[in-house]
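Work through the exercises below with the model open. Try each task before reading its solution.

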Amino acid sequence: MITTVQQHILEQQQDFSEASGTFSWLLSGITLATKMIEAKIRSAGLTGVLGAYGSENVQGEQQQKLDVYANQALLHCLGLRDSVAALVSEEDEEPVTFDRSVKTGKYIIIFDPLDGSSNIDVNVNVGTIFSIHKRLQDGDLNASILQPGTRQVAAGYVVYGPSTVLVYTTGEGVHGFTLDPAIGAFVLSHENMRMPDRGPYYSVNEANAASWPDGYAEYLAELRGEGYSSRYIGSLVADFHRTVLKGGVFLYPPTRKQPGGKLRLLYEANPLAFLAEQAGGMASNGTGRTLEIQPAGIHQRTPFMVGSRWEMERFQAVMREV
Ligand code: P6P
């Protein structure tokens, strides 16, 4: 018999146990939106939704039509859940807040609606990433949004590729579900995903090598000497999903252009760091554990290194020596 993601959530007596129905209702908002996004992506080349939307997002990046669609789908599906107090999106300058009491509006959902969307026009995997925090008891929305990653109650992503896979954690391991188009449901396909202790790959944009801080080039030269292969898709969710399944290390180091890193803390690094640790791996900003960073702003960037225990402990050792 199949297990759908909704059933799986209800079976897991979690932090949501006093309201497992609430969390699975929240998650159904995310899965519904990602099924809408998936349907649009599948036929993108045929329905004129490829290419630029003709405006820039808060990041100053050209919005793709599908970015805008994905953002609207998530805002719509999640805004209808009355347990949501605020929604934070990579596409929106400010959080979308709802006038709900602390008792009702208990959750903050932070997401990157379509990461890597510049790759869609060349038919490369893209993804949706989400992170869920519980609203603080005093109800302060801003402080509830800017909690460190250690306080996440759930996180996950959907990778839209040859198949569409949802991967999530609520702190009780990492579980993967493959969308079965025949029934329109995410069906359990990867129970209790564990990142191999060591992998065959490193994943980094080597074009930035000249501007990395000391230690990074030496570390990667050591891995090459140990026979590692390089894999870099340039779509974070795809590079991360491979790293969870096969092991190895993904790095987006500080660069001259972006000394604070390129990737976003709240809706890229934190959710993936939570998943990585839950799968037995590690995540760092180069000097400390990603999940312990105290955010200062919702679009804050961070250097991001994530992967198997062996590669990450080696990385930390090399960086201590510089
Ligand atoms: P670069 C895609 O634009 C993205 O945000 C991530 O998905 C990806 O990991 C990264 O940027 C790629 O950046 O500088 O290597 O092209």
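**Exercise 1. Strand β3**

Which residue in β5 is the bridge partner of alanine 86? Then describe the pairing and burial of β3.

Solution. The model is predicted.
- Step 1. Look across from alanine 86 into β5: the bridge partner is isoleucine 108.
- Step 2. Take the two strands as a whole. β3 and β5 run in the parallel sense and share five bridges.
- Step 3. Turn to β4, residues 96–97. Its pairing with β3 is antiparallel, over two bridges. Leucine 87 has valine 96 of β4 opposite.
- Step 4. Follow the chain from β3 to β4. A hairpin of six residues joins them.
- Step 5. Check burial. Six of the six residues of β3 (84–89) are buried, so the rest of the structure largely encloses this strand.

**Exercise 2. Two loops**

Place serine 117 and asparagine 123, and decide whether each is buried or exposed.

Solution.
- Step 1. Serine 117 sits in the loop between β5 (107–115) and β6 (126–134). Asparagine 123 is in the loop between β5 and β6 too.
- Step 2. Buried means under 20% relative accessible area. Serine 117 has 9%, so it is buried.
- Step 3. Exposed means over 50%. Asparagine 123 reaches 73%, so it is exposed.
- Step 4. List the contacts of serine 117. Leaving out residues up to four places away in sequence, it touches Gln64, Asp67 and Val126. With aspartate 67 there is a side-chain to side-chain polar contact of 2.7 Å.
- Step 5. Check the backbone. Asparagine 123 has a positive phi, near 60 degrees, and is not a glycine. Asparagine 192 also has a positive phi, about 55 degrees. Asparagine 192 lies in the loop between β10 (185–190) and β11 (201–203), and is partly exposed at 43%.

**Exercise 3. The nonpolar cores**

How many residues does the largest nonpolar core have, and which have the most contacts inside it?

Solution.
- Step 1. The core has 40 residues. Ile145, Tyr157, Phe240, Leu266, Leu272 and Phe304 have the most contacts inside it.
- Step 2. Find the main contributor. Helix α7 (265–278) gives the largest share, nine residues.
- Step 3. Compare with the domains. Domain 1 (5–190) and domain 2 (201–321) each supply at least three residues to this core.
- Step 4. Look for another core. A second, separate one has 37 residues, including Ile37, Val49, Val84 and Val153.
- Step 5. Zoom in on leucine 272. Setting aside neighbours within four places in sequence, its contacts are Ile129, Tyr157, Leu236, Phe240 and Phe304.

**Exercise 4. Salt bridges**

How many salt bridges does the structure hold? Describe the bridges of glutamate 226, arginine 242 and glutamate 313.

Solution.
- Step 1. The structure holds eight.
- Step 2. Glutamate 226 pairs with arginine 198, with the closest N and O atoms 2.7 Å apart. The two lie in different loops, so the pair ties together parts that are 28 residues apart in sequence.
- Step 3. Arginine 242 pairs with aspartate 239 at 3.0 Å. They are three residues apart in helix α6 (236–246), so about one helical turn separates them. Both are buried.
- Step 4. Glutamate 313 pairs with arginine 309 at 3.4 Å. They are four residues apart in helix α8 (309–321), again about one helical turn. Glutamate 313 is partly exposed at 40%, and arginine 309 is partly exposed at 35%.
- Step 5. Look for shared partners. Glu277, Arg289 and Glu292 are joined into one network.

Notes: Residues are numbered from 1 along each chain as its sequence is written. This is a predicted model: local features need pLDDT of at least 70, side-chain atom pairs count only at pLDDT 80 or more; totals for chains, interfaces and linings use all residues. Side-chain values use heavy atoms; hydrogens and water are left out. Buried means under 20% relative accessible area, exposed over 50%, partly exposed in between (1.4 Å probe, protein chains only). A polar contact is a pair of N or O atoms within 3.5 Å; within protein, one must be able to donate a hydrogen and the other to accept it, and residues adjacent in sequence count only if both atoms are side-chain atoms. Contact means heavy atoms within 4.5 Å. Two strands pair if DSSP finds at least two bridges between them. A nonpolar core is a set of buried Ala, Val, Leu, Ile, Met, Phe, Trp, Tyr and Cys residues joined through side-chain atoms within 4.5 Å. Domain bounds come from an automatic or database domain assignment. A salt bridge is a side-chain nitrogen of Lys or Arg within 4 Å of a carboxyl oxygen of Asp or Glu.
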